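Here are some notes to read alongside the model, set out point by point. Please keep the structure open and find each residue as it is named.

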Amino acid sequence: MKKLIRLAVAVAVVLPLSACHIYNKYERPDDSAIINELTKADQLQQDSTLLGNLSWKQVFTDPLLQSYIDTALVRNKDLNNARLNVEIAQAQLQGAKLSYFPSLAFTPNGGSASYGGSHMNWSYTLPLAASWEIDVFGKILNRKRGAKMGVEQAEAYRSAVQSQIIGAVANTYYAIAALNMQLEVSRQTAVLWKEQVSSMELMKNAGRVNEAAVVQTRAQYYAILASIPDLETALRSMQNTMSLLLNEFPADYQTTRDMTVSAPAEISEGVPMAYLAVRPDVAASERALAIAYYATNSARAAFYPSLNISAQGGFTNAIGSMIVNPGKWFIQLAGSLTAPIFSRGQNIANLKAAKAQQQQAMNNFEYTLLNAAAEVGDAMHTYTASKTKQELLAQQIDQLEKSVDYTNQLLTLGSATYLEVLTAQQGLLQAQLSEINCWHSRVAALVNLYQSLGGGR
């Protein structure tokens with residue numbers, strides 16, 4: 001046994017220096033300009049003021065929204081499955097760690113035989129067998145490291161799913177709020193238009209306007225009424241979406257009436273790549289690259305011998321060709337050094353495949369970074385543009401409200417036509433609905449920006 005161990009050590013010493021690569025830990029590649037940008041941004045990961053590092057409760061302060069998010073984080077099935085994936089990866093890591101220890105097996109057996117009517121002699125063996133693979137060439141080491149990266153990848157995916165759930169609940173919540181506000185505006189406008197129809201009918205009877213004015217006003221009134229069912233249908237659809245996110249039966253979810261939206265001033269500045277280090281999907285993609293790296297190392301390690309030590313001991317009454325009673329204790333020791341010879345072609349093919357898969361993981365990592373940068377850039381632009389647009393729409397509504405008042409007064413005095421009144425009122429309604437849509441776009445951009453910066457803790 002000692003000679004066998006010495007032989008294994010000697011083989012390890014004279015191995016080519018290139019074999020040392022199988023013991024190396026994964027390090028982020030430095031030959032990619034895209035990935036180098038991410039490396040420069042690592043220092044921001046601990047910046048507590050970064051939007052992506054803020055707790056979701058610091059970003060979404062509405063109590064109703066917080067209660068819905070809390071419910072979703074407990075009940076949502078996708079998130080629960082992501083948590084279970086973490087447990088699966090942890091179990092696989094535990095199994096990889098236990099590969100360092102010997103395996104034990106207890107395999108009792110017995111039997112008897114009779115030849116030519118001879119007396120049957122029962123034999124039995126009660127062995128305890130142990131087998132231990134000595135990890136000289138890093139085969140178990142790379143499996144363990146790959147399993148550890150698998151745990152980190154599963155945790156990153158869980159964080160990504162949690163971020164998506166938080167973003168989905170927030171977006172659905174604000175969509176419901178926007179539809180509620182649009183319904184309120186439409187219903188209030190319908191009431192005003194009904195009064196306008198009555199006014200037009202009185203003015204027609206007084207000879208102030210003709211039948212065309214009454215018909216046009218009534219037609220616009222019905223158009224507003226017809227838009228309300230569409231809004232109610234969209235609202236019900238959003239309510240059902242929220243119930244799915246919360247994993248409960250459909251209900252009517254209450255929402256805020258506050259249109260105030262705020263976000264850190266820093267989000268409108270800086271290079272988007274500088275914020276990507278905290279994104280869970282970026283972390284998961286890099287862990288996939290690390291797993292592929294260790295799989296390649298394992299494929300390299302397959303070219304080198306495997307050293308196994310086995311031992312067997314127990315109690316038996318079968319001693320050679322004799323059966324003795326009582327039985328005897330026995331112990332056996334053995335060692336084996338297995339080097340691949342005819343399987344070398346298969347090992348070369350496996351290594352080529354592992355290298356190709358590692359390059360695929362590298363390509364996916366770079367694409368994830370670029371896609372993340374685009375998402376951050378889009379969300380930043382949409383948020384700032386929506387903010388500017390909402391301010392302009394507020395000014396437009398102020399002017400249109402004055403226009404409606406002026407044209408109604410002028411119509412009463414006979415200095416304006418009913419078409420001018422219709423145009424002013426239609427413009428006001430459209431501007432009010434546009435402002436609500438713009439508000440929703442702005443708050444959705446904030447939600448998407450928070451999510452695209454890795455938020456969701």
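**Notes on the cores, the rings and one helix**

1. In this predicted model, the largest nonpolar core is made up of 45 residues, and those with the most contacts inside it are Phe60, Leu65, Ile69, Val169 and Met242. At least two residues of this core come from each of α3 (56–59), α4 (63–75), α5 (77–98), α6 (139–205), α7 and α10 (418–452), with α6 giving the largest share, 17 residues.

2. Met242 is worth locating on the display. If its neighbours within four places in sequence are set aside, Met242 touches Tyr68, Val169, Thr172, Tyr173, Ile176 and Tyr253.

3. A second core, separate from the one described above, has 23 residues, and among them are Tyr26, Leu276, Val282 and Leu289.

4. Turning to the aromatic rings, the model holds 9 aromatic pairs. One of these joins Tyr221 and Tyr222, whose ring centres lie 5.5 Å apart and whose planes make an angle of 45°, so that the pair counts as tilted, a class that lies between the limits of 30 and 60 degrees. Tyr221 counts as buried because its relative accessibility is 14%, which is under the 20% cut-off. Elsewhere, ring pairs connect Tyr68, Tyr173, Tyr174, Tyr253 and Trp439 into a cluster.

5. Helix α7 covers residues 211–246, which is 36 residues, and spans 53 Å from its first C-alpha to its last, close to the 52 Å expected at 1.5 Å a residue. After α7 comes Asn247, which has a positive phi, near 55°.

Definitions and conventions. Residues numbered from 1 in each chain as written. Predicted model: local features only at pLDDT ≥ 70, side-chain atom pairs only at ≥ 80, totals over all residues. Heavy atoms only, no water. Phe/Tyr/Trp six-rings, centres within 6.5 Å; stacked < 30°, edge-to-face > 60°. Buried < 20%, exposed > 50% of the residue type's maximum accessible area, 1.4 Å probe, protein only. Helix = DSSP H or I, 4+ residues; strand = E, 2+ residues; numbered from the N terminus. Expected span 1.5 Å × (residues − 1). Core = buried A, V, L, I, M, F, W, Y, C linked by side-chain atoms within 4.5 Å. Contact = heavy atoms within 4.5 Å.
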